[in-house]
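Welcome! Below is a short guided tour for someone meeting this structure for the first time. Have a look at the sequence and the 3D view, then read on.

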Amino acid sequence: MERALVVVHRPAASGGRRVSVHRDGGAEILGLAHSDRDLIVFLEAAGLSSPAELLDDPDWVEWRGGRPHEWGSAP
């Protein structure tokens, strides 16, 4: 498996967080996640092995603009 950086962006005003994967010099938006389960599904679809194990690994997942695993709307 190639190395990929997953970015979980800040919570949206309407709830959920945009998720993107960055690899090979480009970025792909995977979708808007509303839970860890959504995030895992997106990462599986992107070809990442054992995505549930990667969520708390800062070498793989960068949580921006909010705490990890918080999916509510922005303040």
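A residue is called buried when its relative accessible area is under 20%, exposed when it is over 50%, and partly exposed in between, using a 1.4 Å probe and protein chains only. By that rule, Trp63 is buried, because its relative accessibility is 15%. You will meet Trp63 again further on.

The model is a predicted one, so local features need pLDDT of at least 70 and side-chain atom pairs count only at pLDDT 80 or more, while totals for chains, interfaces and linings use all residues. Residues are numbered from 1 along each chain as its sequence is written, and side-chain values use heavy atoms, with hydrogens and water left out.

**The whole chain**

The chain holds one helix and four strands; these are DSSP runs numbered from the N terminus, with helices being H or I of at least four residues and strands E of at least two. Starting at the N terminus, the elements follow the order β-β-β-α-β. Of the 75 residues, 35% are buried. The C-alpha trace spans about 35 × 25 × 20 Å along its principal axes.

**The sheet**

Strands pair here if DSSP finds at least two bridges between them. With that in mind, how are the four strands ordered in the sheet? The order is β3-β2-β1-β4, in an open sheet with mixed pairing. β3 (26-33) and β4 are at the edges with a single partner strand each, so one side of each has no neighbour in the sheet. On average, neighbouring strands are turned by 20° against each other, direction ignored; axes are lines fitted to C-alpha atoms, for helices over the stretch in contact, and angles between N-to-C directions run from 0 to 180 degrees.

The table lists the pairings one by one.

| Strands | Sense | Bridges |
|---|---|---|
| β1 and β2 | antiparallel | five bridges |
| β2 and β3 | antiparallel | seven bridges |
| β1 and β4 | parallel | three bridges |

Some facing residues help you find your way: Val7 is opposite Ser20 in β2, Val6 is opposite Val61 in β4, and His22 is opposite Ala27 in β3. Helix α1 (residues 36-45) packs on this sheet and touches β1, β2, β3 and β4. Its direction makes about 145° with that of β3, and a contact means heavy atoms within 4.5 Å.

Strand β1 (residues 5-11) is mostly covered, with five of its seven residues buried. Together β1 and β2 make a hairpin with five residues between them, and Gly15 in the turn has a positive phi of about 100°.

**An aromatic pair**

How many aromatic pairs does a search of the whole structure find? It finds one. The partners are Trp63 and Trp71, arranged edge-to-face at 5.6 Å centre to centre with 70° between the planes. For such pairs, the ring centres of Phe, Tyr and Trp (its six-membered ring) lie within 6.5 Å; planes under 30 degrees apart are stacked, over 60 edge-to-face, and the rest tilted. Trp71 is buried too, since its relative accessible area is 12%, and Trp63 has 15%.

**Two residues with positive phi**

Ser50 is not a glycine, yet has a positive phi of about 50°. Ser50 lies in the loop between α1 and β4 and is partly exposed, at 42% relative accessibility. His69, also not a glycine, has a positive phi of about 70°. His69 sits in the segment after β4 and is partly exposed, with a relative accessible area of 29%.
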